[in-house]
Amino acid sequence: MSTTTTPFAEVAASTSTLRAFLHGLPGVDRVGADARAAMLGTRSIKTTAKRQAIDLAIRMVDLTTLEGADTVGKVRAMCAKAIHPDPTDPSVPAVAAVCVYPDLVATAVQALKGSGVKVASVATAFPSGRSSLEVKVADTELAVAAGASEIDMVIDRGAFLSGDYLTVYEQIAAVKGACGSAHLKVILETGELATYDNVRRASWLAMIAGADFIKTSTGKVSPAATLPVTLVMLEAVRDFLRTAGRKVGVKPAGGIRTTKDAIKYLVLVNETAGPDWLDPDWFRLGASSLLNDLLMQRQKMASGRYAGPDYFTLD
Amino acid sequence: MFEYAPAPESRDIVDIRPSYGLFINGEWVDPLGEGRDKTVNPASEEVLAEVAVAGEADVDRAVQAARKAFAVWSAMPGSERAKYIFRIARIIQERARELAVLESLDNGKPIRESRDVDLPLVAAHFFYYAGWADKLSYAGFGPSPQPLGVAGQVIPWNFPLLMLAWKIAPALACGNTVVLKPAETTPLTALAFAEICRQADLPPGVVNIVTGAGETGAALVAHPDVDKVAFTGSTEVGRLIARSVAGSRKKLTLELGGKAANIVFEDAALDQAVEGIVNGIFFNQGHVCCAGSRLLVQESVAEELLDALKRRLSTLRLGDPLDKNTDIGAINSAAQLAKIRELSEAGEAEGAERWSPACPIPDKGFWFPPTIFTGVAQSHRIAREEIFGPVLSVLTFRTPAEAVEKANNTPYGLSAGVWTEKGSLMLWMASRLRAGVVWSNTFNKFDPTSPFGGYKESGYGREGGRHGLEAYLAV
C-alpha cells in the first residue's frame, strides 16, 4: 500500500471509510450529463482547427489489437503502422502507443525500438478480471518484464458492484506496486457499472489507489466508451487534481471509429478538464479502425479529395 | 492550444428584402402613413431592412380583415383548420435553417440556440395545437367551445418566432383570427412567417402582421373590435395594457417579467447544477422572462459551487451569433444594453462584488460579458429588478425554509429551479414556491404540452398545453 497518495490514507483504511468517502461524492444527474455531452457534440470543428485536431488525435491513439487470433506478424505490422501511420506522408505523426496482450509485448518492444512509440499491455486476467490477486500480479509482472511501459488493468466489477470497495482498492494498489516504473491505466469497464454515480465512484477509487490513467472500457463489452461517461471521468480527474494535487489521465476506448467521434472527445477534454489534458501524456484514444479514418480525413483536408479505403493499409 | 476556427453558418440562405410593408388580408400593403423604421443586426449594427410602422388606420384595416376572415375560419370544421396548421408546421420545419439564420441575424442570439431550441419548439407548437383543432369538444371546456373572434397579439423581441408560435398556434386552432405585432427590433421572422401563411394557402385575413413600436401595439390593444388581447413583455407595459383593456369585453392574458430563484441544495449533482445555472441565466444572453437570475445556494456548498461556476463561465464563447460554436450572442439593442449596464453599476454601487471571466468583446455591436454578482442582499436592486441580461445575482441560504422565503420574496412569480437529489425535499419546495413553473434538476425546459405562465406581477393566464386553449375560447 506504499503507493497510496497521503491525503487518502485514512479513506482507504477500511471498506466503511471507503464507502463513506465514495458515496459522499456529489451525485451525477444522468439527464444533465447526457445533455451536456450532447451539446458539446454539436461543436463545429473546421479548417485549421480540424487539421490540428486530427494530428492531435493521431498522436493520442493507442493502436490496439486484443484478439485470440493475434499473431507475431500482425503485431509487427501494427507496430510499423504505429511509427509511420501513412508511409506516403512523413508529416503524419506517430501514434502514442500500441496495446497488446502480455505474450506479444516482447515482439512489440522489439519492433518499436527507438521509435518513441510506447508499448502498453493489458493484464490482470483481461478482459473479465476474474482471477486471484496472485495471478493478476503475476500477469502484470510478466508484461512489465517483457518491456511494457504501460499496463492496462481491469477492475473487479463484481467486487465493485457488491460494494466491496476495499478489495478493488487493494487489487489496484497491488498491481500498481507490480508495475514499477510502468504507467498504470485502470479500466473501469463502464458498460458494466450501470450508473454515472458508479462511474464517478470507480474513477475516484482508481485514482486514490494510484492509477496514472483511468480508462473506460476493455472493448469487449457493449456499450464501450461513450461521451457522457468520458465527461464524468474528465470531471473526476479535474476535481482530483484540485483536491489531491495529482494529475491523472483519461482514456476512452472502444467504439470510437470516426474522425468526427474523435474530435468530439477532444472538445469534451478541452471544455471539461481543460486544455492541459490535450496531450498524449494525459489523454489517449483506445482504438484500431479510427486511425485509418483520421488518415483519410487528413489527406482529404490536404488534397480536397477522398482517397478510397484501399489506399490506406489494413494492419 | 486547441482554438476552434470560425465556423459560421452561411447567411446566403436568407433573402432579406430591402423594405417590408404590412401583411394585411393575405397581401403586402404599404402603410397609410409615412412611418418607417429600421431593423439592425445587433451583432454588427448593420441595417438589415426597412420596416413599415403601422398607424391607427393600418391597425384598423388589419382588424377589419381579421374580422372578415373570422366568419370563414371559425365556421370551418376543426379538422380543416388543422390541415392548414399542420401545413404551416411542416413548412417551418422545411425552412428551419433559413428561419434560424434570420432569427440570429435580427435578434443576436447564437445560431446554436435558434437552430437547436427556438425552431424545433416553434414547429412543435404548431404541430401540437394543430392536433387540438378537431378535438376542442374533448378539451374540458364544454361540448362545443366557441372561439372569441379577433385576437390582438403583441410579442417581445427575445424569442421572436417562438413567441409568435405561442400566440398564433392556439388562436388559430380554436378558430380565432389574429392581428400580431412583433417587436420593433425583431420583426423579420414574423414577416417571414407571413410568407409562410401564403405558402400554406391560409385564407386571407386569418393572420395579419402589423409592424411598429409601442404606439402600434397600443392602437391594436385599444381597438374596439378586438375580442382578445395577448401580450408577452415587460410588467410595465403589461400594466398599461391591463388599464387600457379594463372595463371592456376583451379577454386578456399577460406573460410578464420574472426574477426567478434557482435554488441549489448541498446534495445537488454539482456539475449538472452548474450547467443548469449557466443555462438558467446565460441562455439567450439572459433575455428570458423565466431566467434563473437569482442563484440561491446553500452556504455549505457555496464556495465550491461558485468556484466551479466561475471555471465554467471562463469556457463560454462570446461572439458572432452565426458562428456555430458561439454560446453568448449579442444584446438585442442599444437600449437594452444601457439598461443592463445601469443595473450592473447599481449592483456595484450597492456593494455587491462583480465578476466576469476574461472575455474579448467585439468592437461593433451590443455586447455584455457573462457577469456574476456575489455578496448580494435581498434589498439590492440587482436582486429585485429584472435585468433581462446575462447577469446573475448570488445569495446564500442555510435552511430550506429560508430558501423558500427568499425565493418568494419578489413581486414576480414566473419560474423557479430546485437542485437536489432528494425527492422529498424537491416536492416540499415545489409546493411552497409561488411560481408558475418549478423546474427540478433542469432549467429553461420548454414543451408545447406544458402550460406556462406566472403568479403575481408575472402576469395571468396560461400558454401551452390544454390550459393554453382556454385563453382563446369563450369559456
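This report covers the fold of chain B and its contact with chain A.

The model is predicted. Chain B carries 15 helices and 18 strands. Its C-alpha trace spans about 65 × 50 × 35 Å along the principal axes. A compact globule of 475 residues would have a radius of gyration near 23 Å, and chain B has 22 Å, so the two agree. Burial is counted over the 475 residues of chain B: 57% are buried. Contacts in chain B with a separation of 6 or more were also sorted by distance along the sequence. Of these, 73% join residues 24 or more positions apart.

An unreviewed UniProt entry annotates residues 35-474 of chain B as "domain: Aldehyde dehydrogenase". Over that stretch the chain is 43% helix and 16% strand. The C-alpha atoms at the ends of residues 35-474 are 36 Å apart.

Now the contact between the chains. Chain A contributes 24 residues and chain B contributes 20 residues. On the chain A side, three helices each supply at least two residues to the surface that touches chain B. They are tabulated here.

| Helix of chain A | Residues | Supplied to the side touching chain B |
|---|---|---|
| α2 | 30-40 | at least two residues |
| α3 | 47-60 | at least two residues |
| α11 | 259-272 | at least two residues |

Which helix gives the most to the side of chain A that touches chain B? It is α3(A), with five residues. By class, this side of chain A has 10 nonpolar, eight polar and six charged residues.

Note on methods. Residues numbered from 1 in each chain as written. Chains lettered and ligands numbered in written order. Predicted model: local features only at pLDDT ≥ 70, side-chain atom pairs only at ≥ 80, totals over all residues. Helix = DSSP H or I, 4+ residues; strand = E, 2+ residues; numbered from the N terminus. Rg over C-alpha atoms; globule rule 2.2 N^0.38 Å. Buried ≥ 20, exposed ≤ 12 C-beta atoms within 10 Å, placed from the backbone. Contact = placed C-beta atoms within 7 Å. Nonpolar A, V, L, I, M, F, W, Y, C, P; charged D, E, K, R; others polar. UniProt positions renumbered as here; feature names shortened; annotations may be inferred.
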